[in-house]
Structures are given as structure tokens and as C-alpha cells.
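User: Please take a close look at the salt bridges in this model, and set them in the context of the fold around them. I would like one connected account rather than a list.

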Amino acid sequence: MNKFLVLVIAVCAFVILLGVGREWKLKPETPANHMLHKGEMAVLVSTAGKAVWLAASKTDTYKMQIAMGKQDQAALDQAGVSGAAFPVVAGTHARVLEEDVSRLRIQLTDGPDAGRSGWVEFEYLRPIQPSETH
């Protein structure tokens, strides 16, 4: 009886984890789709095709993520006026300079802000694809 109970628990745990994995769409990392690390080249991305705001300070990164997610233009404009953040066009290339949990400090390598650096949450970056030239 004990072995049967252990088997039932193991099967239930597998089914639950499988469901969670499918819901979260967990996939193995590939060269074209993986977490970025220091020294790698990346592209800024935005789901709405809008600007991505880079925080001047690592501590302001989460505030910018929330403001971008809520499309809170007043908060974004205030951050721009105060110098806490600046907007960058989605599609701009960057190099990862530093990692801190989910935040990455990047340096822009093209566009009008080339050379500037700032902090952004990992979800606004993707690895540069082999077909993309820099």
C-alpha cells in the first residue's frame, strides 16, 4: 500500500508540474533564445513597439518596468525630466555590461544614444540573432 501511495503522489506531482510548465511556456535555452550575460550583444524589445526606458540607477529599474507595463506616460515623463531614466527606440542594439538578478546594465551600441548606458529588466532584451548585422 505504501508503494502505491508514493506512486500516486509522484504521478500527481508530474501532472501538476507538466501543467505549470505548459502554462508558463517553459522552453530550454537555445543560442537564439536565452538569458543574456555580461559581454553579450542584445536588442531592446517592447511588446507594444514603444520606447524602452532605461533607468540611470539600478534601484529605479523596477519603477520603470511598472510604468512601462501600465503605460503610465506621466510617470515616464517625470522620470525623463528628473534624469532618472531615458527612452530608447525598440530595436536598438546594446552590449550587456553588468548583471544583477533580473536587471541588466547595458550600453547602447547604435542609434542616436550610442555610448549611453542604463539599467533595464531582462524582459526588454533579447539576444541578437545571427542574421542581424551590427
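Analyst: Lys58, Asp100 and Arg103 are joined in a network of salt bridges, and this network is a convenient place to begin in what is a predicted model. Within the network, the side chains of Asp100 and Arg103 meet with a nitrogen-to-oxygen distance of 2.4 Å. Arg103 has a relative accessible area of 22% and is therefore partly exposed, since the buried class ends at under 20%. The two partners can also be placed along the chain: strand 4 covers residues 93-100, and strand 5 covers residues 103-108.

Between strand 4 and strand 5 runs a loop that contains Val101. The backbone of Val101 has a positive phi of about 55°, although Val101 is not a glycine. Val101 is also exposed, with a relative accessibility of 81%. A positive phi recurs at Gln71, again a residue other than glycine, where the angle is near 55°. Gln71 belongs to the loop between helix 2 and helix 3, the latter spanning 73-82, and with a relative accessible area of 51% Gln71 counts as exposed, because that class begins at over 50%.

A further salt bridge joins the side chains of Arg105 and Glu98, with 3.2 Å from nitrogen to oxygen. Both partners are partly exposed, Arg105 at a relative accessible area of 25% and Glu98 at 30%. Arg105 also takes part in strand pairing, for its bridge partner in strand 6 is Trp119. That bridge belongs to the pairing of strand 5 with strand 6, which is antiparallel and extends over 5 bridges. Strand 6 comprises residues 117-121, and 4 of its 5 residues are buried, so the strand is largely enclosed by the rest of the structure. In a regular strand, the side chains alternate between the two faces of the sheet.

The side chains of Asp60 and Lys63 form another salt bridge, likewise described by a nitrogen-to-oxygen distance of 3.2 Å. Here the partners fall into separate accessibility classes: Asp60 is buried, with a relative accessible area of 16%, whereas Lys63 is exposed at 53%. Asp60 lies in the loop between strand 2 (52-55) and helix 2 (61-70). Apart from neighbours within four places in sequence, Asp60 is in contact with Ala55 and Ala84.

Ala55 leads on to strand 3, because Ala55 is also among the residues touched by Ala85, and Ala85 has its place in strand 3 (residues 85-88). Ala85 is buried, with a relative accessible area of 5%. Leaving out residues up to four places away in sequence, the contacts of Ala85 include Trp53 and Leu54, together with Ala56, Met64, Ala79 and Gly80. Between Ala85 and Val120, which are 35 residues apart along the chain, the C-alpha atoms are separated by 9.9 Å.

Another charged side chain is placed against a ring: the charged end of Arg116 sits over the ring of Phe86, at 3.6 Å from its centre. As for pairs of aromatic rings, the structure holds 0 of them.

Turning to the whole chain, a search of the structure finds 5 salt bridges, among them those described above. The protein has 3 helices and 7 strands, which follow one another along the sequence in the pattern α-β-β-α-α-β-β-β-β-β. Among contacts between residues at least 6 apart in sequence, 60% join residues at least 24 apart. Of the 134 residues in the protein, 27% are buried, and the protein exposes about 8900 Å², of which carbon and sulfur atoms supply 61%.

Methods:
Residues are numbered from 1 along each chain as its sequence is written. This is a predicted model: local features need pLDDT of at least 70, side-chain atom pairs count only at pLDDT 80 or more; totals for chains, interfaces and linings use all residues. Side-chain values use heavy atoms; hydrogens and water are left out. A salt bridge is a side-chain nitrogen of Lys or Arg within 4 Å of a carboxyl oxygen of Asp or Glu. Buried means under 20% relative accessible area, exposed over 50%, partly exposed in between (1.4 Å probe, protein chains only). Rings of Phe, Tyr and Trp (its six-membered ring) pair if their centres lie within 6.5 Å; planes under 30 degrees apart count as stacked, over 60 as edge-to-face and the rest as tilted. A charge sits over a ring if NZ of Lys or CZ of Arg is within 6 Å of the ring centre and within 35 degrees of the ring normal. Helices (H or I, at least four residues) and strands (E, at least two) are DSSP runs, numbered from the N terminus. Contact means heavy atoms within 4.5 Å. Accessible areas come from the Shrake-Rupley method with a 1.4 Å probe; for residues, only the protein chains shown count as cover. Two strands pair if DSSP finds at least two bridges between them.
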